[in-house]
Amino acid sequence: MRMMKRWIFHAAVTLCWVGWFAKGEVFTSIGQMTDLIYTEKELVQSLKEYIQAEEAKLAAVKSWANKLDTLTQISTSDPEGYLAHPVNAYKLMKRLNTEWSELESLVLQDSSDVFIANMSVHRPYFPDEEDEKGAAKALMRLQDTYKLDSESFSKGRLPEADDSVRVPAGVRYNAHLTVDDCYDMGKTAYNEGDHYHSVLWMQQALRQLDAGEDAVVSKADVLDYLSYSVYQMGDLPRAIELTRRLVAIDPSHQRAGGNLRYFEGLLSKEMRERERSAPDPAMERPIQLGTYERPRDYLPERETYEALCRGEGVRMTPQRRSRLFCRYQDGNRNPRLLLAPMKEEDEWDSPHIVRYLNALSDEEIEKIKELAKPRLARATVRDPKSGVLTVANYRVSKSAWLEGEDDPVIARVNQRIEDITGLTVDTAELLLVANYGVGGQYEPHYDFSRKDEPDAFKRLGTGNRVATFLNYMSDVEAGGATVFPDFGAAIWPRKGTAVFWYNLFRSGEGDYRTRHAACPVLVGSKWVSNKWIHERGQEFRRPCGLTEVD
């Protein structure tokens, strides 16, 4: 009966995802985006074949034109004399009746049919406007989290790596953003009412235009957006300077003149009230990361969380490190672990977090990814007010649930988790496989259900999530750490390893220190698989304690 409830629960989750899979979800999974690389390669080949066909057609038409040009020069010099020869008269009739018709058919021949047909086949799987917008916002999220200025980002440069910041000094595939790319980034932010990022990216577009880079977008358009966004950030002197540049470039601009008078009036009033003279715009420092303060949002621990993602603020002291050990774990003399015990390392002392080495083999990882990839759908969160599963910007990934019956590998992994932890997985949730896309993340959250959401797992009938077992199925070149803002821990992905912690005290009370996050992936593709273990069935495996914090 419990198994049936679990199946119904996860089926409902899957159905909720299906509706979100069709539109605006491509960017959320690197694993599925790789298919688009091969699609694009196929389209390029199809385009080359179209170009070759067009070039062959054009060569044939040129040959006709050259031949007929020579012929008409001769015929028009003495029309009657030319036509006096019966063969010439016949060939003229033939050319105009037959050969020109054939040339017309050649010119009208559409070599694009195959290319257009190929495009039509693939177009339903193309990213849409929501994907492009989501990817742009993901770049801005990476910019904020890892403190990347727009110029470095546009040139594909990442910060130098050191022991604390998990960012590589060089990336295998460097990429550059053009003026038009930066402009589109800024426009995306502007349309979202995000003037902070609009300023950063419009300024970068202007910087590249001033350096002489060619672009489709005009400097006037960039200045139009930039000046207004700077005004929205409360920087009147700079808004006036930029608007004056716009008026100088395009004196007939519809809004620029009115905006300039309005800005100057506001600044004059402000200076009178403060009894100060207007600052010289020429003395202003160029706009860069840090010129304006990023607006605060809904996440109170934003700064702490992002610092941990960069490897900053980790509270690993020498005293704490001295309390961390490594050991062989045989699961309390579990027969399956006696001859091959697991290597266990302490990651944190309180709350106790451990990492298991060689928790998954490469073959098992590939099989799990193979099973999950066709089922991947946008990961959801439960709305705390309505209880309905929905997508959210603070969780950007795709997930799939896998059952033990799907493949012997899944059954084996489930059994291994039970052997290692000593907790039954009979009442655990299915294995959840997740793949993070562009800037993929899951902002700080709790795995267990709090007192204000008592019905979160009611349908399962298995109680709360007592523990989390997290398998890392890929190395991540940069970013992607699992961080705990409450006590300042950062755990970095290592392929084949797993981390484990308890979400509940022995009393059944939630351990609020375990609020954690999956940091945005800066470079690479992050694959993980979760096993959330529930309370029911653990009564004799992890007996209750006598106090709330046991």
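T304 lies in helix α13. Helices here are DSSP runs of H or I with at least four residues, strands are runs of E with at least two, and both are numbered from the N terminus. The model is predicted, so local features need pLDDT of at least 70 and side-chain atom pairs count only at pLDDT 80 or more, while totals for chains, interfaces and linings use all residues. Residues are numbered from 1 along each chain as its sequence is written, and side-chain values use heavy atoms, with hydrogens and water left out.

T304 has a relative accessibility of 35% and therefore counts as partly exposed. Buried means under 20% relative accessible area, exposed means over 50%, and partly exposed is in between (1.4 Å probe, protein chains only). T304 is 184 residues from G488 in sequence. In space, the two C-alpha atoms are 8.1 Å apart.

Helix α13 (302–309) also contributes to a pocket. It is one of four elements, with α6 (129–145), α9 and β10, that each supply at least two residues of the lining of the second largest pocket. Pockets and cavities were sought on a 1 Å grid over the protein atoms alone. A cavity is a set of points where a 1.4 Å probe fits but cannot get out; a pocket is an open set with protein on both sides within 12 Å along at least five of seven lines. Lining residues have an atom within 4 Å of a point. Grid points are joined across faces, edges and corners, and a volume is the space filled by probe spheres set on the points.

The second largest pocket has a volume of about 870 Å³. It is lined by 33 residues, of which K137, R141, E192, D194 and N393 are the closest to its centre. Helix α6 gives the largest share of this lining, nine residues. The lining divides into 16 charged, 11 nonpolar and six polar residues. In this count Ala, Val, Leu, Ile, Met, Phe, Trp, Tyr, Cys and Pro are nonpolar, Asp, Glu, Lys and Arg are charged, and the others, Gly among them, are polar.

Helix α9 spans residues 195–210. Its 16 residues reach 22 Å from first C-alpha to last, close to the 22 Å expected at 1.5 Å a residue. The expected span is 1.5 Å times one less than the number of residues. Of the 16 residues of α9, 14 are buried, so the helix is largely enclosed by the rest of the structure. Just after α9, G212 takes a positive phi of about 100°.

Strand β10 (residues 441–445) is mostly covered, with five of its five residues buried. Two strands pair if DSSP finds at least two bridges between them. β10 runs antiparallel to β7 (residues 395–396), joined by two bridges. Here Q441 of β10 is the bridge partner of V396. β10 also pairs with β16 (residues 516–518), again over two bridges in the antiparallel sense. In that pair, Y442 has A518 of β16 as its bridge partner.

Two cavities of 30 Å³ or more are found in the whole structure. The largest has a volume of about 210 Å³. Of its 19 lining residues, Y436, Y442, L470, A518 and N530 are the closest to its centre. The elements giving two or more residues to this lining are β9, β10, β11 (465–472), β16 and β18 (526–534). β18 supplies the largest share, four residues. The lining divides into 11 nonpolar, five polar and three charged residues.

The second largest cavity has a volume of about 30 Å³. Its lining consists of A359, L360, V413, R416, I417, I420, F469 and N471. α17 gives the most, four residues. Six of the lining residues are nonpolar, one is polar and one is charged.

Nine strands form an open antiparallel sheet in the order β1-β2-β3-β15-β11-β18-β9-β8-β4. β1 (326–329) and β4 (377–378) stand at the edges with a single partner strand each, so one side of each is left without a neighbour in the sheet. Within the sheet, three bridges join β3 (residues 353–357) to β15 (residues 498–502) in antiparallel fashion. R355 stands opposite V499 in β15.

T427 is found in the loop between α17 (408–421) and β9 (431–436). At 5% relative accessibility, T427 counts as buried. Its side chain reaches the backbone oxygen of R536 at 2.6 Å. This is a polar contact, a pair of N or O atoms within 3.5 Å; within protein, one must be able to donate a hydrogen and the other to accept it, and residues adjacent in sequence count only if both atoms are side-chain atoms.
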